[in-house]
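Me: I would like to learn how to read a few features of a model, one at a time. Could you take me through them, with the general idea first and the case at hand after it?

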Amino acid sequence: MKLIFRFMKKYWYMALLASAFMIGEVYIDLLQPRMMAEIVNEGILGLSNGGKSDLNLVINTGIRMMLVVIGGGLCGLLSAVFTNITGQGAGNDIRKLCFERIMSFSFSQTDDFSTGSLITRITNDVTQVQHLIMQLIRGLVRCLMFFIGGSAALLSLDMSFGVIVACAFPLIIIDVTFVVWRTNPLFTVLQESLDRLNNIIQENVTGIRVVKAFVQEKNEVGRFDEANQHLVDTQFNVMMLLSYLRPVMNIVLNFAVAGIIYVGSNQVQKGAIAPGSVMAAITYISQILNGMMMLAMIFQTLSRGLASTKRLQEVIDTQSEIRQEQLPMEGDGTRGSVQFENVKFIYEDNGAEVLHDINLSITPGETLAVIGATGCGKTSLVSLIPRFYDAAEGHVYVDGVDVRAYDPAELRKKVTVCLQKAEFFSTTIRENIALGDPEANDDEIRKAAAAAQADGFILQQAEGYDTVVAERGMSLSGGQRQRIAIARALLKKGEILILDDVTSALDLKTEAALYAALNREYSDVTKIIIAQRIASVRNADRIVVLDGGTISDCGSHEELMDRSSVYRDIYHSQLKEEEAL
Ligand code: DGT
Ligand code: MG
């Protein structure tokens, strides 16, 4: 609820106007039966005119009724407009805040929520909260007004009708309470099944190539069906429970109408009340009970909306783990140095220890290569530098300052990472590169692309740099994607450049040209290069050999060939592969 009030605050006057117009609409709805009674009692039956009907009165009251109805419609319209402004406005604000939060999450926080769940939260849950806000403003006012105003109008006709309200009321309350009590827990389940379904859809649509390549469509459709069935079953249960409302309500309503007719006819015989007023009383009782019925709907929206509010609150309350910490900011005066000090790293989601006892000092401008078997922790090691993850123990320093002391955005300006798996946006090649520096001009973009050995093939594309890349870069080859990603990283001009296995899809000649360009044009940048092939790393100033989650050796190619058996093993195995080719 806290969340709802927080976001409604900005629109409180709109909400107030919406409620005021709602009151107007209901007031007019309640006025009509009374006017109808007047037409019957005075116009047709002519009760105060000795039984003589009065056509003029019928016409006059009829016209008045029409005007009043138009007024009521206008009130209803305005109330709907202001309700919408409030609901959509607050929903929009919540959605924006959630998105900002999600953008600030660390990788492990995103993993914890799961992509599917985050999407459901920011779409479906926000919609539910919007419904809730709109119901609170309109529905609640409407229902209370019908109940209070309707009861007052009914009792003002004849106090004895009160007995009927008193009998019908508890029955409706029991009905509503039962349904609300049973459906309430189902709403959380409903949102969770939506999460699961969204996860499956998202994984399969983005991974459609793999699904098809491995002929897994049937399995995946099966997995989808299962999740979908769960959603349908839950929805079915909710609907079944809700369907109890209507029949019980109708039975109560019919008995209540019969009761009104019975009490009314007694009173008419006694002369205590006019026949037209009994008609009005019948309308009033159905308005009152319908108001109660609406209460059930409101409770339903309320419990569904509250389940969603909780899920949104979780997103909003999740502060990024990666936050600037109060640590000394004095550096050692270097620009582009990195130190690892007794670093241990664990992936928290499964508790797997990936790195331990990492001690390494990288000097500004150095080209340091990292080599090691697949899965040995190379990517994990470098992801500690821009603080994609935090070390479990020990420290990582950039320019002599603990990475946790930096504002993460500042740190990431210094450290550029070219990820192992390049991500693309469906826009032009130019804009995909300019992600590295949105202010860069064409010359700078071309220079970066040329160094990344990408300029040539980009110019061969149908529209050169303006060629639009398909979703997730699917219209490019693996090697082309890698080179555009490198161009993006080079354009950013950080102090430290991390290339995580980005040359795996390049032929040796292109790779050599890339390294030559890097050494020539980016000589002052510290380069950390992860590679699988010895050929890619042998010219580096130093090579780190990762083995068993720690640094087994570090030195130049010649030194390592001399003293590191792990390195020699890698070297010989690759030599053999080449010979076999
Ligand atoms: P590569 O790219 O195949 O040459 O392998 P590396 O050396 O880059 O390995 P890395 O650092 O990606 O993975 C090291 C270990 O950590 C490996 O056993 C898989 C595991 N791992 C990697 N990423 C994650 C993650 O996001 N969560 C969890 N729980 N484990 C991960
Ligand atoms: Mg890797």
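Me: Let us start with helix crossings: in which hand does α6 pass α8?
Reply: In this predicted model, α6 passes α8 in a left-handed crossing. The axes of helix α6 (residues 162-206) and helix α8 (residues 217-242) come within 9 Å and cross at roughly 160°. Because angles over 145 degrees count as roughly antiparallel, α6 is roughly antiparallel to α8. Sorted by class, the contact of α6 with α8 holds 15 nonpolar, eight polar and five charged residues.

Me: At what angle do α2 and α10 pack, and in which hand do they cross?
Reply: Helix α2 (residues 12-44) and α10 pack at an angle of about 160°, with their axes 7 Å apart, which means that α2 is roughly antiparallel to α10. Here the crossing is right-handed. On the α2 side the contact includes Asp 29, Leu 30, Pro 33 and Arg 34, while α10 contributes residues among them Pro 275, Gly 276, Ser 277 and Met 279. By class, the contact of α2 with α10 comprises nine nonpolar, five polar and two charged residues.

Me: What classes of residue make up the contact of α5 with α6?
Reply: The geometry comes before the classes. The axes of helix α5 (residues 115-157) and α6 come within 11 Å and cross at roughly 170°, so α5 is roughly antiparallel to α6. Among the residues making the contact are Ser 117, Thr 120, Arg 121 and Asp 125 of α5, together with Gln 191 and Asp 195 of α6. The contact of α5 with α6 divides into seven nonpolar, eleven polar and three charged residues.

Me: Is Arg 311 buried or exposed, and which residues does Arg 311 touch?
Reply: For burial, a residue is called buried when its relative accessible area is under 20%. Arg 311 lies in helix α10 (residues 275-317) and is buried, with a relative accessible area of 6%. Not counting residues up to four places away in sequence, Arg 311 touches Ser 117, Thr 120, Arg 121, Asp 125, Gln 191, Glu 192 and Asp 195. Several of these names have come up already, since Ser 117, Thr 120, Arg 121 and Asp 125 of α5 and Gln 191 and Asp 195 of α6 belong to the contact of those two helices.

Me: Which residues does Met 14 touch?
Reply: Met 14 is found in helix α2 and, at 17% relative accessibility, counts as buried. With residues up to four places away in sequence left out, Met 14 touches Phe 82, Ile 85 and Thr 86. As a distance through space, the C-alpha atoms of Met 14 and Phe 345, which are 331 residues apart along the chain, are separated by 52 Å.

Me: Where is Ile 385 found, and is Ile 385 buried or exposed?
Reply: Ile 385 is found in the loop between α11 and β4 (393-398) and is buried, with a relative accessible area of 1%. Its contacts, leaving aside neighbours within four places in sequence, are Val 338, Phe 340, Val 396, Val 398, Val 403, Leu 411, Val 415, Ile 498 and Ile 528.

Me: Which protein donors does the magnesium ion have?
Reply: A metal site is read from the atoms that serve as donors and from where their residues sit in the chain. The protein donors of the magnesium ion (ligand 2) are Thr 379 (OG1) and Gln 420 (OE1), lying 1.9 to 2.4 Å from it. Thr 379 lies in helix α11 (residues 378-383) and Gln 420 in the loop between β6 (415-418) and α13 (429-434), so the pair ties together parts that are 41 residues apart in sequence. Thr 379 counts as partly exposed at 33% relative accessibility, and Gln 420 counts as partly exposed at 38%.

Me: Which residue, other than glycine, has a positive phi near 45°?
Reply: Most residues other than glycine have a negative phi. Val 215 has a phi near 45°, a positive value; this residue lies in the loop between α7 (208-213) and α8 and is exposed, with a relative accessible area of 64%. Lys 493, also not a glycine, has a positive phi of about 55°. Lys 493 lies in the loop between α16 (478-492) and β7 (496-500) and counts as partly exposed at 48% relative accessibility.

Terms used. Residues numbered from 1 in each chain as written. Chains lettered and ligands numbered in written order. Predicted model: local features only at pLDDT ≥ 70, side-chain atom pairs only at ≥ 80, totals over all residues. Heavy atoms only, no water. Axes fitted to C-alpha atoms, helices over the stretch in contact; angles between N-to-C directions. Helix = DSSP H or I, 4+ residues; strand = E, 2+ residues; numbered from the N terminus. Parallel < 35°, antiparallel > 145°, perpendicular 65-115°, else oblique. Left-handed = near helix turned anticlockwise from the far one by under 90°. Nonpolar A, V, L, I, M, F, W, Y, C, P; charged D, E, K, R; others polar. Donors = N, O, S within 2.8 Å, 3.2 Å for Na, K, Ca; no water. Buried < 20%, exposed > 50% of the residue type's maximum accessible area, 1.4 Å probe, protein only. Contact = heavy atoms within 4.5 Å.
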